[in-house]
Amino acid sequence: MKIPNVVCKIEVYAAVNPSEDPDKVRLAVSHVILETDYQYKEGSIKATSNQLNSLVKIQETIKKHRTNKIYRRQMRFNTKGDTTWFYLNKQAAFVDVIAACEEAEESAMGPIKVILHSKDLDKVVDWLAPEMTE
């Protein structure tokens, strides 16, 4: 599916636990979101982007593994105004695997939180995790 031409701000956060190497957490985040700026501040890594194509790896994984219902449910449940979010497993991301977490506790070292802001949030969600027909 073609990337929609909409304005979308993407923020990705991951806590850096005292036992973790910040560079390894940054690597995990870089496996999730492409072409972005990273900051390490106050015990967390923050990545930001204004390009939907930075989420293409997540979108391709959702399509490949047919996990769109999980992501759609999470994004629908977590929508407030023009913002939504979902969690990814930080340990899986470190080994370059995209895996959703329904709750933060599902990721032993804490999750990666992906936050999407857009006036066209429905278009973003439909592109990222399209509704599948059986």
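This note goes through model confidence, the nonpolar core, aromatic pairs and charges over rings.

1. **Confidence.** The model is predicted. Mean pLDDT for the chain is 93, and 99% of the residues reach 70 or more. By element, strand 2 (residues 37-41) has the lowest confidence, with a mean of 89. Strand 6 has the highest, at 98.

2. **Nonpolar core.** The largest nonpolar core holds 32 residues. Four of them touch the most other members: Ile-58, Ile-112, Val-114 and Leu-116. Several elements give two or more residues to this core. On the strand side these are strand 1 (9-15), strand 3 (44-49), strand 4 and strand 6 (111-117). On the helix side they are helix 1 (22-32), helix 2 (56-65), helix 3 and helix 5 (121-128). Helix 5 supplies the largest share, five residues. As general background, nonpolar side chains in soluble globular proteins tend to be buried together.

3. **Leu-116.** This residue is worth a look in the viewer. Neighbours within four places in sequence are left aside here. Leu-116 then contacts Cys-8, Lys-9 and Ile-10. Leu-55 and Met-75 are also in contact with Leu-116. So are Asp-82, Thr-83, Thr-84 and Phe-86. Leu-121, Val-124 and Leu-128 complete the list for Leu-116.

4. **Aromatic pairs.** The count comes to two aromatic pairs. One joins Tyr-71 and Phe-86, with ring centres 5.4 Å apart and planes at 85°. Planes over 60 degrees apart count as edge-to-face, so the Tyr-71 and Phe-86 pair is edge-to-face. The pair links distant parts of the chain, 15 residues apart. Tyr-71 sits in helix 3 (residues 68-77), and Phe-86 in strand 4 (residues 83-89).

5. **Burial of that pair.** Are Tyr-71 and Phe-86 buried or exposed? The cut-off for buried is under 20% relative accessible area. Tyr-71 has 3%, so Tyr-71 is buried. Phe-86 has 1% relative accessibility and therefore also counts as buried.

6. **Gln-74.** Helix 3 also contains Gln-74. Its relative accessible area is 9%, so Gln-74 is buried too. Residues up to four places away in sequence are not counted in its contacts. Gln-74 touches Trp-85, Phe-86 and Glu-102. Phe-86 thus appears in the contacts of Gln-74 and in those of Leu-116.

7. **Charges over rings.** Which residue lies over the face of Trp-85? Lys-113 does, at 4.3 Å from the ring centre. Arg-26 lies over the face of Tyr-38, at 4.2 Å from the ring centre.

Technical notes. Residues are numbered from 1 along each chain as its sequence is written. This is a predicted model: local features need pLDDT of at least 70, side-chain atom pairs count only at pLDDT 80 or more; totals for chains, interfaces and linings use all residues. Side-chain values use heavy atoms; hydrogens and water are left out. Rings of Phe, Tyr and Trp (its six-membered ring) pair if their centres lie within 6.5 Å; planes under 30 degrees apart count as stacked, over 60 as edge-to-face and the rest as tilted. Helices (H or I, at least four residues) and strands (E, at least two) are DSSP runs, numbered from the N terminus. Buried means under 20% relative accessible area, exposed over 50%, partly exposed in between (1.4 Å probe, protein chains only). A charge sits over a ring if NZ of Lys or CZ of Arg is within 6 Å of the ring centre and within 35 degrees of the ring normal. A nonpolar core is a set of buried Ala, Val, Leu, Ile, Met, Phe, Trp, Tyr and Cys residues joined through side-chain atoms within 4.5 Å. Contact means heavy atoms within 4.5 Å. pLDDT is the predictor's confidence in each residue, from 0 to 100.
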